Amino acid sequence: MNRREFVKNGLVGVGVGIASSNVIAKELATKPADKPHINFPSVGNKIIAKVISSEAPCTIGMKPGYEFELGFRKCGDFCGFFYSNIHESIMALQFSDSASSKPGSDIQVFECPNSKNRVKIELRRIAA
C-alpha cells in the first residue's frame with residue numbers, strides 16, 4: 001500500500017505507532033543500569049531524621065516512622081526541599097561537640113516548609 005492509500009484509508013501513523021511500540025518494548029526489556037554505590041566517609045556525628053507526624057499526605061510519600069541518615073553532603077531519599085531548609089541545623093548538629101551541648105539539644109524538631117503538608121521531623125544526633 002502506498003502513502004496515498006494509507007491516507008485515504010485513515011492509516012497514517014499506524015506504522016509509526018507499531019515501530020515506536022517495538023522500540024518501547026525493547027527499552028523495557030533491557031536491564032536498567034545499576035545505581036552507582038557512593039561511599040560517604042564518617043565525618044562528625046551521625047544525624048538521623050525521623051518523620052514524627054504529618055497533617056496531610058506528603059507530596060513525595062514520607063510517612064510517620066520513616067528514618068533517613070542525613071549529613072552535610074548526604075540527603076539520600078529525603079525530600080530535597082525540606083533538606084535545603086534544615087541544612088544549617090544538620091551541619092550544626094553534625095559538627096558540634098555533644099559533650100559541651102545543653103541537655104536535650106541532641107534532638108531538634110522541624111516542620112516541612114510546604115504549608116499544605118506540615119510533615120514534622122526530628123533530627124537526632126548520635127555522638128561519633
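1. A word on confidence before anything else. The protein chain has a mean pLDDT of 80, with 69% of its residues at 70 or more. This is a predicted model, so please keep those values in mind as you read on. Within the chain, E1 has the highest confidence, at a mean of 95, while helix H2 (residues 14-29) has the lowest, at 57.

2. Now to the sheet. Four strands make up an open sheet, and their order across it is E2-E1-E4-E3, with antiparallel pairing. At the edges are E2 and strand E3 (107-111), each of which pairs on one side only. From one strand to the next, the twist averages 25°. As general background, the strands of a sheet pair through backbone hydrogen bonds, in either a parallel or an antiparallel way.

3. Let us take the pairing of E1 with E4. These two strands run antiparallel and are joined by eight bridges. If you would like residues to find on screen, Ala49 stands opposite Leu123 in E4, and Ser54 has Val119 of E4 as its bridge partner.

4. On its other pairing, E1 meets E2. Four bridges join the two strands, and again they run antiparallel. A pair to look at here is Lys50 and Glu67, with Glu67 in E2 standing opposite Lys50.

5. E3 is joined to strand E4 (residues 119-126) by five bridges, and these strands too run antiparallel. Phe110 has Ile121 in E4 as its bridge partner, and Gln108 stands opposite Leu123 in E4. Leu123 is worth a click, as this E4 residue also stands opposite Ala49.

6. Next, the helix against the sheet. Helix H3 (residues 80-95) packs on the sheet and touches E1, E2, E3 and E4. The direction of H3 makes about 20° with that of E4.

7. Finally, the largest pocket. The space in this pocket comes to about 230 Å³. Strand E1 (46-54) and strand E2 (67-70) are the elements that give two or more residues to its lining. The lining is made of 15 residues, and those nearest the centre of the pocket are Pro41, Ser42, Val43, Glu69 and Gln94.

8. What classes of residue line the largest pocket? The lining has six nonpolar, five polar and four charged residues. For anyone new to this kind of analysis, rolling a probe the size of a water molecule over the atoms shows where empty space is left.

Technical notes
Residues numbered from 1 in each chain as written. Predicted model: local features only at pLDDT ≥ 70, side-chain atom pairs only at ≥ 80, totals over all residues. Heavy atoms only, no water. 1 Å grid on protein atoms, 1.4 Å probe; cavity = no way out; pocket = protein on both sides within 12 Å on 5 of 7 lines; lining within 4 Å. Points joined across faces, edges and corners; volume = space filled by probe spheres on them. Nonpolar A, V, L, I, M, F, W, Y, C, P; charged D, E, K, R; others polar. pLDDT = per-residue confidence, 0-100. Pairing = 2+ DSSP bridges. Axes fitted to C-alpha atoms, helices over the stretch in contact; angles between N-to-C directions. Contact = heavy atoms within 4.5 Å.
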